[in-house]
Amino acid sequence: MKEVVITGPRQYEVREVPIPKPGDGEVLIQMKAAGVCGSDIHLFLGENPNAVYPRIPGHENAGVVVETGKNVTAVKPGDAVVVDLVVACGRCPQCLRGRRNICRTVKARGAATDGGWREYFTVPAHEVYLLPRQIPFRDAALIEPFAIGGHCTSRAGIQGGESVLVLGSGTIGAVILQTLKQKGCRVICADINESCLARAKDYGADAVVNTRTQNLRECVQAFTDGGGVDAIFDSAGYPGSLTALLEQGIPANGATVVPLGFCTETEGISQAMINVRELTIAGTRMSSGQFQPTIQNFLEGKFQLEGMVSHYIPFEQVGQVFENILHPVKDMKKMVILFDEQE
């Protein structure tokens with residue numbers, strides 16, 4: 001079998017290695033589709049300060065079970081599955097409270113441990129979820145990003161009917177937008193990319209703002225009749241973005257702000273900026289308990305997937321993924337690697 005290994009910043013190899021055998025409680029997955037996430041891009045470019053090389057990237061994984069180890073009963077050979085990105089101990093207090101994504105020893109597949117950019121790999125059986133055959137593998141590669149949308153909107157306590165600002169209309173911003181609309185919210189999306197904003201309109205955004213040419217605060221004020229938004233999702237995550245989103249007039253009193261990035265730059269936030277308006281800053285990381293409801297939403301056609309992916313790339317041409325990272329084409333959105341072009 002072949003596997004893709006990032007050996008260092010801007011360096012990769014395609015290696016030929018033996019197909020692994022599943023151990024007790026494990027399954028062997030034959031990969032069918034793998035999404036290319038921003039974290040994979042940061043890993044390749046050397047922009048992740050916690051990266052350890054060599055590493056096989058890929059945490060948006062869909063495939064078929066081809067072999068099971070001992071004591072596996074939940075899935076069988078031939079089952080289509082998606083693979084959780086969270087590798088957790090299952091025993092710490094966080095895991096026992098159902099918060100596997102913040103396990104004391106949590107590892108993200110494709111970042112802290114090897115991921116799915118390979119033709120076969122083994123995973124514990126409890127980390128896979130059955131995929132209905134009605135969902136094509138090329139779409140199933142998007143289930144993990146939409147699980148993030150489900151998780152972060154739950155972290156914000158979204159009930160439906162809120163006015164919400166989403167900063168950043170790339171893949172995750174588009175996922176959050178669709179999740180919020182499915183939950184019944186009014187959403188204003190902000191970005192500097194006109195094609196991303198146009199897609200946001202297609203996905204149901206009630207208003208869009210190009211922050212390169214428009215004033216975000218003024219647009220939010222107009223959108224909310226001067227009240228500010230009830231929730232904010234920062235899927236842009238650039239240095240200073242969180243501080244900018246706390247500007248007077250953007251969040252309503254009592255609003256919840258959810259930053260999704262891992263920017264390490266210090267923000268200019270004071271206690272008064274939070275407490276005067278009794279704001280909530282809610283952290284979010286990966287997802288927990290969201291794969292099965294997300295799969296059901298896919299099955300019921302609740303999300304618009306057309307336009308989410310701009311490039312489908314055959315695994316045998318995986319070098320094009322890295323070429324596109326180094327030299328992005330105009331209006332490139334998301335890439336998905338297909339291990340079988342018919343999928």
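Which side chain meets that of E16 in a salt bridge? In this structure, which I should say at the outset is a predicted model, the side chains of E16 and K2 meet, with a nitrogen-to-oxygen distance of 3.5 Å. E16 belongs to strand 2, residues 11-16, and K2 to strand 1, residues 2-8, so the contact ties together parts that lie 14 residues apart in sequence. As for accessibility, E16 is exposed at a relative accessible area of 59%, whereas K2 is partly exposed at 37%.

That pair is one of 12 salt bridges in the count, and I would like to go through some others. D79 and K76 meet at 3.1 Å, N to O; here D79 is buried, with a relative accessible area of 12%, while K76 is exposed, with 51%. K302 and E300 also form a salt bridge, at 3.1 Å from N to O, and in this case K302 is partly exposed at 40%, as is E300 at 44%. Beyond such pairs, a network of salt bridges links D84, R100, R109 and E127.

Turning to charge on the surface, R97, R99, R104 and R155 form a positive patch. Of these, R155 sits in helix 4, residues 143-155, and is partly exposed, its relative accessible area being 34%.

Finally, the strands: strand 13, residues 229-234, pairs with strand 14, residues 251-259, in the parallel sense over 5 bridges, and A231 has T256 in strand 14 as its bridge partner. Strand 14 pairs with strand 15, residues 280-281, again in the parallel sense, over 2 bridges, where V257 is partnered by I281 of strand 15.

Technical notes:
Residues are numbered from 1 along each chain as its sequence is written. This is a predicted model: local features need pLDDT of at least 70, side-chain atom pairs count only at pLDDT 80 or more; totals for chains, interfaces and linings use all residues. Side-chain values use heavy atoms; hydrogens and water are left out. Patches are made of residues with over 30% relative accessible area and no salt bridge: like charges are joined within 9 Å, nonpolar side chains (Val, Leu, Ile, Met, Phe, Trp, Tyr) within 5 Å. Accessible areas come from the Shrake-Rupley method with a 1.4 Å probe; for residues, only the protein chains shown count as cover. A salt bridge is a side-chain nitrogen of Lys or Arg within 4 Å of a carboxyl oxygen of Asp or Glu. Lys and Arg count as positive and Asp and Glu as negative; His and the chain ends are not counted. The place of a charge is taken as NZ of Lys, CZ of Arg, CG of Asp or CD of Glu. Helices (H or I, at least four residues) and strands (E, at least two) are DSSP runs, numbered from the N terminus. Buried means under 20% relative accessible area, exposed over 50%, partly exposed in between (1.4 Å probe, protein chains only). Two strands pair if DSSP finds at least two bridges between them.
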